[in-house]
Amino acid sequence: MTTPAPDQTTDALHPVRAELLRAAQADAEALLARTEQEVAAVLDQARAEAGGILDEARRQGEADGADTARDLLVRARREARSRTLAARREAYDELRREAAERAGNLSRANGYASLRERLEHRARVLLGPAAEVSEHADGGVVARAPGRRVDLSLTALADRALERMGAEVRSLWEP
């Protein structure tokens, strides 16, 4: 058997080599195309997931913001209510002081003796004729009977008058 010459071997393998190169290049191009498709699919999926994460974060942020806003509103309303009640209490206390002061001035007015007699009579009607009746320091009387006491001092009468007025007094500071 004769061995072909080296140039003949190279020439004979040339078409095989060319076909292998073409097949390798085709395989590489196909692999590259599949890889690019896979990369594009992974990127699309990552973008979609990132968009979903951003949407969820946005919704959560809005919900957290709404919760915070609601909490702030509740605190502001509570504070406003507290201040309103404090202002009403202050107005009511001032009204009580003024009423007590004016009631106390009755003890220095003409006709106080007649008023005191009527208060003493009322005390005896409430507690009986044996009730011990004494003058109150602020004017008016205080009466005692065994197990019972009645305060008809001028300041107590002024307080009771304000209590009976109820809603009428509140209308003084409500819009």
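Which residues form a nonpolar patch on the surface? Select Leu13, Val16 and Leu20: together they have about 280 Å² of accessible area. A patch here takes residues with over 30% relative accessible area and no salt bridge, joining like charges within 9 Å and nonpolar side chains (Val, Leu, Ile, Met, Phe, Trp, Tyr) within 5 Å. Areas come from the Shrake-Rupley method with a 1.4 Å probe, and for residues only the protein chains shown count as cover.

Before moving on, note that this is a predicted model, where local features need pLDDT of at least 70 and side-chain atom pairs count only at pLDDT 80 or more, while totals for chains, interfaces and linings use all residues. Residues are numbered from 1 along each chain as its sequence is written, and side-chain values use heavy atoms, with hydrogens and water left out.

Try colouring by pLDDT (the predictor's confidence in each residue, from 0 to 100). The protein chain averages 86, and 93% of the residues score at least 70. Among its elements, S2 has the highest mean, 96, and helix H4 (residues 167-170) the lowest, 76. Helices (H or I, at least four residues) and strands (E, at least two) are DSSP runs, numbered from the N terminus.

Back to Val16, in helix H1 (residues 6-105). Val16 is partly exposed at 45% relative accessible area; buried means under 20%, exposed over 50%, and partly exposed in between (1.4 Å probe, protein chains only).

Stay on helix H1 for salt bridges (a side-chain nitrogen of Lys or Arg within 4 Å of a carboxyl oxygen of Asp or Glu). The structure holds 13 of them. Pick Asp67 and Arg70, whose closest N and O atoms are 2.8 Å apart. Then show Glu79 and Arg83, paired at 2.7 Å, N to O. Glu79 is partly exposed at 40%, whereas Arg83 is exposed at 58%.

Now jump to helix H2 and select Arg116 and Glu120, another salt bridge at 2.7 Å between the closest N and O atoms. Bridges with shared partners join Arg116, Glu120, Arg124 and Glu135 into one network.

Next stop, Leu127, also in helix H2 (residues 112-127). Leu127 counts as buried at 13% relative accessibility. Its contacts (heavy atoms within 4.5 Å), not counting residues up to four places away in sequence, include Ala143, Arg148 and Val150. The C-alpha atoms of Leu127 and Arg148 are separated by 7.4 Å, with their positions 21 residues apart along the chain.
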